[in-house]
Amino acid sequence: MVQVLSGIDLSVRRREVVALLGPSGAGKSTLCRTVNGLEPIDSGAILLDGVPVPRRGRELQRMRARVGMVFQSFNLFSHRTVLENVTFGPVRVLGTGEEEAAERARALLDRVGMAGYEEKLPAQLSGGQQQRIGIARALAMRPELMLFDEPTSALDPELVGEVLAVMRDLAADGMTMLVVTHEMGFARSAADRVVFMAAGRIVEEASPDEFFTTPRTTRAQDFLAKVLRH
């Protein structure tokens, strides 16, 4: 058995934006996925508002409704329209009425710059547009925490900015966010705190300014020297 994470001790405060940085294989995505139970843990505990996250069953499903997640791949229902993708969760999971769900979905689509695309299918959209739909879909569940797992890694470079702009807007509005990202500019300008991981452990935590100007550990210094060179 391979131990992916070890000795993780991390707290995220309300309205805080935490950027998870580190090399490939550091355990960043796994850590993100454990928070809402997509990856099981063998020991320790994950707390949401001081309450342990359940490991399985309906209680886990109810907790997931409080935690939105945006994935690397867009994971939209290919046979459903944009509007249907955004209303599906609120109607099926939260029991929201269809008219109320549609009204909120339209407001969220406008917020992410996708008003007018309600009847489009995912295949008719660019990658950046699909990811913005993914963010609207997550927000439709009225989450208390948003998890982003490399949300721009599958996008062409020219489409990255439109997704990051939506994420910056969410951060400015006070959404609590845990963001796995390789976008150093976003981490530096939008995050309240940087958490640097390597080999399944948290190696360093600092403010963005401190991390990017005076990283304390050799491992972080080596990482920044490589990524900033490119």
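What is the volume of the largest pocket? In this predicted model, the largest pocket has a volume of about 1,000 Å³. The second largest pocket has a volume of about 590 Å³. This briefing covers the two pockets and then strand 5, a strand that is largely enclosed by the rest of the structure.

**Largest pocket**

- The volume of the largest pocket is about 1,000 Å³, and 35 residues line this pocket, with Ile8, Leu31, Thr34, Ala45 and Ile46 the closest to its centre.
- Two or more lining residues come from each of helix 1 (28-35), strand 2 (47-48) and strand 6 (176-180).
- Helix 1 makes the greatest contribution to this lining, giving 4 residues.
- Sorted by class, the lining of the largest pocket comprises 18 nonpolar, 10 polar and 7 charged residues.

**Second largest pocket**

- The lining of the second largest pocket consists of 19 residues, and those nearest its centre are Arg64, Val67, Gly89, Arg137 and Met141.
- At least two lining residues are supplied by each of helix 2 (57-64), strand 4 (67-70), helix 3 (82-94) and helix 5 (127-139).
- Helix 3 provides the largest share of this lining, with 4 residues.
- By class, 11 residues of the lining of the second largest pocket are nonpolar, 5 are polar and 3 are charged.

**Burial of strand 5**

- Strand 5 (residues 145-149) is largely enclosed by the rest of the structure, because 5 of its 5 residues are buried.
- In a regular strand, side chains alternate between the two faces of the sheet.
- In strand 5 both faces are covered, with buried Leu145, Leu147 and Asp149 on one side and buried Met146 and Phe148 on the other.

**Pairing and connection of strand 5**

- Strand 4 pairs with strand 5 in the parallel sense, over 4 bridges.
- Within this topic, Phe148 in strand 5 is the bridge partner of Val70; Phe148 is also one of the buried residues of the strand.
- Strand 5 and strand 6 likewise form a parallel pair, over 5 bridges.
- Met146, a buried residue of strand 5, stands opposite Met177 in strand 6.
- A right-handed β-α-β unit is made by strand 5, helix 6 (residues 157-172) and strand 6.

**Links between the topics**

- Strand 4 supplies at least two residues to the lining of the second largest pocket and pairs with strand 5.
- Strand 6 gives two or more residues to the lining of the largest pocket and pairs with strand 5.

Definitions and conventions. Residues are numbered from 1 along each chain as its sequence is written. This is a predicted model: local features need pLDDT of at least 70, side-chain atom pairs count only at pLDDT 80 or more; totals for chains, interfaces and linings use all residues. Side-chain values use heavy atoms; hydrogens and water are left out. On a 1 Å grid over the protein atoms alone, a cavity is a set of points where a 1.4 Å probe fits but cannot get out, and a pocket is an open set with protein on both sides within 12 Å along at least five of seven lines; lining residues have an atom within 4 Å of a point. Grid points are joined across faces, edges and corners, and a volume is the space filled by probe spheres set on the points. Ala, Val, Leu, Ile, Met, Phe, Trp, Tyr, Cys and Pro count as nonpolar, Asp, Glu, Lys and Arg as charged, and the others, Gly among them, as polar. Buried means under 20% relative accessible area, exposed over 50%, partly exposed in between (1.4 Å probe, protein chains only). Two strands pair if DSSP finds at least two bridges between them. A crossover is right-handed if, with the strands pointing away from the viewer, the path from the first strand over the helix to the second runs clockwise.
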